[in-house]
Amino acid sequence: MDKDVYNVLKRLAGVRGITLNQVVSEAIDRYLESEDIKQEIQYHKLDGSAED
């Protein structure tokens, strides 16, 4: 992760009173909720039903 991005996210977490991990988790959740990503997950069967 770019150092500047990291610093902004860390400060944002502090302002919001949450951890950096929570900020990142929220961002990942939003990313996974986007329609194009949902379609890609479904197309490639990445929904966790396949064994690794």
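At the N-terminal end of helix H1 (residues 3–16), Asp-2 acts as a cap, with a side-chain oxygen 2.8 Å from the backbone nitrogen of Asp-4; a polar contact here is a pair of N or O atoms within 3.5 Å, where within protein one must be able to donate a hydrogen and the other to accept it, and residues adjacent in sequence count only if both atoms are side-chain atoms. The model is a predicted one, in which local features need pLDDT of at least 70 and side-chain atom pairs count only at pLDDT 80 or more, while totals for chains, interfaces and linings use all residues. Residues are numbered from 1 along each chain as its sequence is written, and side-chain values use heavy atoms, with hydrogens and water left out.

Helices are DSSP runs (H or I, at least four residues), numbered from the N terminus. H1 has 14 residues and spans 20 Å from its first C-alpha to its last, close to the expected 20 Å, a figure defined as 1.5 Å times one less than the number of residues. After H1 comes Gly-17, with a positive phi near 75°.

The table gives the two helix pairs, with axes fitted to C-alpha atoms over the stretch in contact and angles running from 0 to 180 degrees between N-to-C directions.

| Helix pair | Angle | Axis distance |
|---|---|---|
| H1 and H2 | roughly 105° | within 8 Å |
| H2 and H3 | about 75° | 5 Å |

The angle between H1 and H2 makes them roughly perpendicular, a term that covers 65 to 115 degrees. In this pair, Tyr-6, Leu-9, Lys-10, Ala-13 and Arg-16 of H1 meet Leu-20, Val-23 and Glu-26 of H2, where contact means heavy atoms within 4.5 Å. These residues divide into five nonpolar, no polar and three charged.

Arg-16 and Glu-26 also form a salt bridge, at 3.0 Å from N to O, the term meaning a side-chain nitrogen of Lys or Arg within 4 Å of a carboxyl oxygen of Asp or Glu. The pair links distant parts of the chain, since Arg-16 lies in H1 and Glu-26 in H2, ten residues apart.

H2 (residues 20–33) also packs against H3 (residues 35–43), and these two helices are likewise roughly perpendicular. Their contact involves Tyr-31, Leu-32 and Glu-33 of H2 together with Glu-35, Ile-37, Lys-38 and Ile-41 of H3.

Definitions and conventions:
Angles under 35 degrees count as roughly parallel, over 145 as roughly antiparallel, 65 to 115 as roughly perpendicular and the rest as oblique. Ala, Val, Leu, Ile, Met, Phe, Trp, Tyr, Cys and Pro count as nonpolar, Asp, Glu, Lys and Arg as charged, and the others, Gly among them, as polar.
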